[in-house]
Amino acid sequence: MDNVRNIVILTGAGISAESGIDTFRSDGGLWEQHRIEDVATPEGFARDPDLVLRFYDMRREAVLTKQPNPAHDALARLDREWSARPNHNLLIVTQNVDDLHERAGAAHVHHMHGELRSALCTACMKRSPWDAPMSDRPACPQCGVNALRPDVVWFGEMPYHMDRIYGFLRRADLFVSIGTSGAVYPAAGFVRDARELGAQTLELNLERSEGSAWFGESRLGPASKLVPQWVD
Ligand code: BV8
């Protein structure tokens with residue numbers, strides 16, 4: 001990777017698919033089994049909090065039993081090696097709410113859509129590490145009020161870390177997108193932003209995505225093969 005110092009990597013559900021975590025928009029994916037309006041919007045939560053809390057309890061429990069796959073491992077290796085070089089920076093921006101990048105050993109990860117293993121208190125607005133169910137309405141460990149919700153970004157809410165992400169995108173020499181359908185904004189627009197700012201752009205995905213036309217190069221196949229091939 002000559003002339004590349006700053007890398008931004010965007011990951012989506014496809015990178016965790018081979019770890020056994022459901023994607024959203026594939027055949028049989030999560031959004032075929034559940035209506036987005038019911039489980040992934042503030043309005044859905046206001047209407048039926050128990051349904052939403054059970055949906056995320058189920059997904060949190062499932063994630064705790066899964067392990068990183070060779071794609072997460074390769075990115076963690078790249079992160080360690082790249083970030084150790086002087087004046088070289090790497091940021092993994094994940095839309096995923098699982099913690100498989102961290103469990104593989106990656107240090108520079110931003111969860112723009114939040115995290116399953118975290119709770120957000122709607123009373124004090126503090127975030128707390130959280131591995132237990134939430135549907136029994138536990139108290140916030142920081143303020144004691146029974147007002148916890150999943151610490152995930154629902155449709156219509158502002159994703160996390162946007163200023164930092166755009167700051168990195170502005171300086172990126174290379175933008176790589178892995179395992180995402182390019183259907184959800186603002187993440188789906190990052191490739192255009194990066195490209196307009198002069199970065200090289202590469203997509204690694206099982207199939208062509210909604211954003212494929214925007215990438216300088218698209219490689220098709222499973223992440224567990226494509227990512228280690230690209231990194232090594
Ligand atoms: C916001 C909750 C203001 C967490 C999720 C512009 C135009 C139109 C609409 C909008 C727009 N800007 C904003 C909007 C509205 C909306 C939006 O995008 N709507 C869409 C549907 C049009 N966006 C928002 O509301 C966002 N907020 O915009 O705030 C703002 C504006 C500007 C700047 C800043 C802020 C909030 C979006 C948050 C949504 N939250 N879920 C949860 O429960 O998990 S979305 C959900 O989709 C997940 O979070 C997921 O991360 C995200 C993206 O999905 P993918 O990860 O891509 O997964 P998907 O299943 O779709 O695709 C998997 C891909 O992997 C496939 O291509 C498949 O082929 C591939 N694959 C499968 N297996 C493998 C593989 N690839 C490789 N290897 C394999 N083995």
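Start by selecting Ile178 and Leu204: Ile178 stands opposite Leu204, which sits in strand 8. Keep in mind as you click around that this is a predicted model.

Now widen the selection to strand 7 and strand 8, the latter covering residues 200–205. The two pair in the parallel sense, with five bridges between them. To see how the chain gets from one to the other, trace it from strand 7 through helix 9 (residues 190–196) and on to strand 8. That β-α-β crossover is right-handed.

Next, look at the pairing between strand 7 and strand 1, residues 6–11. These two also run parallel, and five bridges join them. For one pair to zoom in on, pick Leu10 and Ser177: Ser177, in strand 7, is the bridge partner of Leu10.

While you're there, colour strand 7 (residues 174–178) by burial. Is it enclosed or open? Four of its five residues are buried, so the rest of the structure largely encloses strand 7.

Hop over to helix 8, residues 162–171, and show Ile165, Phe168 and Leu169, which are buried. They span an arc of only 100° around the axis, so they lie on the same side of helix 8. What do these buried residues pack against? Turn on strand 1, strand 2 (89–94), strand 3 (109–111) and helix 9, and you have the packing partners. Then spin the view to the face of helix 8 turned away from its buried side, where you'll find the exposed residues Asp163 and Gly167.

Time for the ligand. Select the 37 residues around it; Gly12, Gly14, Gln95, Ser181 and Tyr185 come nearest. What's the make-up of this shell? Colour by residue class and you get 19 nonpolar, 14 polar and four charged residues around the ligand.

Last stop: Arg127, which belongs to strand 5 (residues 127–129). Is Arg127 buried, exposed or partly exposed? It has 15 other C-beta atoms within 10 Å, so it counts as partly exposed; the buried class would take 20 or more. Leaving out residues up to four places away in sequence, Arg127 touches Ser118, Leu120 and Asp151, so add those three to the selection. Finally, draw a C-alpha to C-alpha distance from Arg127 to Cys140: the two are 13 residues apart in sequence and 9.1 Å apart in space.

Conventions:
Residues are numbered from 1 along each chain as its sequence is written. This is a predicted model: local features need pLDDT of at least 70, side-chain atom pairs count only at pLDDT 80 or more; totals for chains, interfaces and linings use all residues. A residue is near a molecule or strand if its C-beta atom, placed from the backbone, lies within 6 Å of it. Ala, Val, Leu, Ile, Met, Phe, Trp, Tyr, Cys and Pro count as nonpolar, Asp, Glu, Lys and Arg as charged, and the others, Gly among them, as polar. A residue is buried if 20 or more other C-beta atoms lie within 10 Å of its own, exposed if 12 or fewer, and partly exposed in between; C-beta atoms are placed from the backbone. Two strands pair if DSSP finds at least two bridges between them. A crossover is right-handed if, with the strands pointing away from the viewer, the path from the first strand over the helix to the second runs clockwise. The arc is that of the directions from the helix axis to the C-beta atoms. Two residues are in contact if their C-beta atoms, placed from the backbone, lie within 7 Å.
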